[in-house]
Amino acid sequence: MSDSNISKTHKIRNTIFLLLTALIWGAAFVAQSVSMDYIEPMTFICLRSFIGGVFLIPVIWFLDFQKKQDRGLAAEPFFADKWTDKKVIEGGIACGLCLFLANCFQQTGIQYTTVGKAGFITSFYIIIVPLLGLFFKKYCGILTWISVVVALAGLYFLCINEALHIQKGDFMILVSAFFFAAQILVIDHYNQFVDGVKMSCIQFLTGAVLAFFAMVIFEDPQWAMIVKAAVPILYTGIMSTGVGYTLQIVGQKGLNPTVAALILSLESVFSALSGFVILHQILSARELIGCTLMFGAIILAQLPDFRQKKY
C-alpha cells in the first residue's frame, strides 16, 4: 500500500474517531440530566471527575509506552516522566479550577433546561474563546465577528422567552460556557510546555477534590442514591472523560485543526438528538431556529479567515 493510501486511510480513521468523540460528548448531556434525578450536582461532579482522572492513568501509561517504543527506548515507569514538573502541576490545577467552575454551572443549570438547549448553549464557548483571546492580543477576523452576531441571535431564540426573560437554567449554562472557554485558553497556554494528557489527568483530579469539599459542605450524598445513578456517573467518567478525551487526542493527529473543530462541533447536534431519542425532549420551533443559528455560528467561527489581520 502506498504512503498516500496509508495517509488517506489514517485520515478516514481519525475522522471516525472524532465523530465518535462528538457522539459520546453529545450523549453525555443525557447522562448528566438523568443523574440529577438521584444525586446533587457536586456529588456527580466529584465522582465523574475522580473516575475520569483515574481512568486516564492507564491511558497515559499506554501512550508513554508507545512513544518510547517508537523512539526505540526502553519503557520506563510513567510515574517518573515529568509528573512532578512544576508546569504540569500548575497547569493541571489552573485547568481543574476552570473546569470545576464550568461543571458547577453546567450541572446545576441542566436541571432547569433541556438536553438539546444545554448542548447548543455550551457550544457558545467556541465563539467566546477568540473573543477572550483579544485580551492576550490574539485578534479575530471578520468571520469571527459575524459568527458572534449570528450566535447572539441564536442565543436570543434559545434562551429568551416571549416575556423577554432569560430562563434560569439557560443562563447558568451560558455562564459555564465562559468558564469552558477560559479552560481552553489555559490549556492553550500550558500545552506548549507540558504533556497535555498528564495535565488533563491532574485537572480532573483537581476538580474531584474541589467538588468533594463542596459536596461535604453543601450536600448530603447518600450511597443508595449514588448506586442508582451509577450508569450516568460511569458513562460520563469513563466514556465522556476517559474514552472521549483519548479519541480526541488520537483523532486530531494528522487532521486539519479547522476540520477537527468542525467535526467536534457536532456534539451540540448529537446532544439534541440524544435528548429527543432517549428522553423524548422536543424543541419548540423557536428553539429549533436558535439551534440552527447557533450551529451556523459555530461552523462560521471555525472557517479560515483569509482577511484576518495581525496588529
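How many aromatic pairs does the count come to? Here are a few friendly notes on this predicted model, beginning with that one.

1. The count comes to 2 aromatic pairs. One of them joins Phe105 and Phe179, whose rings are stacked, with 5.7 Å from centre to centre and 15 degrees between the planes. Phe105 belongs to helix H3 and Phe179 to helix H7, so this pair ties together parts that lie 74 residues apart in sequence. Both rings keep some accessibility: Phe105 is partly exposed at 28% relative accessible area, and Phe179 is partly exposed at 25%.

2. Phe212 and Phe213 also pair, with ring centres 5.8 Å apart; their planes stand at 70 degrees, so this pair is edge-to-face. Phe212 counts as partly exposed, at 40% relative accessibility.

3. It is worth looking at the two helices behind the stacked pair. The axes of H3 (residues 86–109) and H7 (residues 168–190) come within 7 Å and cross at roughly 165 degrees. That angle makes H3 roughly antiparallel to H7, because angles over 145 degrees count that way. The crossing of H3 and H7 is left-handed. Sorted by class, the residues in the contact of H3 with H7 are 16 nonpolar, 8 polar and 2 charged.

4. Lastly, the cysteines. You will find 0 disulfides in the structure. Cys104 counts as buried, at 14% relative accessibility, and Cys291 is buried too, with a relative accessible area of 5%. Both values fall on the buried side because the cut-off is under 20%.

Technical notes
Residues numbered from 1 in each chain as written. Predicted model: local features only at pLDDT ≥ 70, side-chain atom pairs only at ≥ 80, totals over all residues. Heavy atoms only, no water. Axes fitted to C-alpha atoms, helices over the stretch in contact; angles between N-to-C directions. Helix = DSSP H or I, 4+ residues; strand = E, 2+ residues; numbered from the N terminus. Parallel < 35°, antiparallel > 145°, perpendicular 65-115°, else oblique. Left-handed = near helix turned anticlockwise from the far one by under 90°. Nonpolar A, V, L, I, M, F, W, Y, C, P; charged D, E, K, R; others polar. Disulfide = S-S within 2.5 Å. Buried < 20%, exposed > 50% of the residue type's maximum accessible area, 1.4 Å probe, protein only. Phe/Tyr/Trp six-rings, centres within 6.5 Å; stacked < 30°, edge-to-face > 60°.
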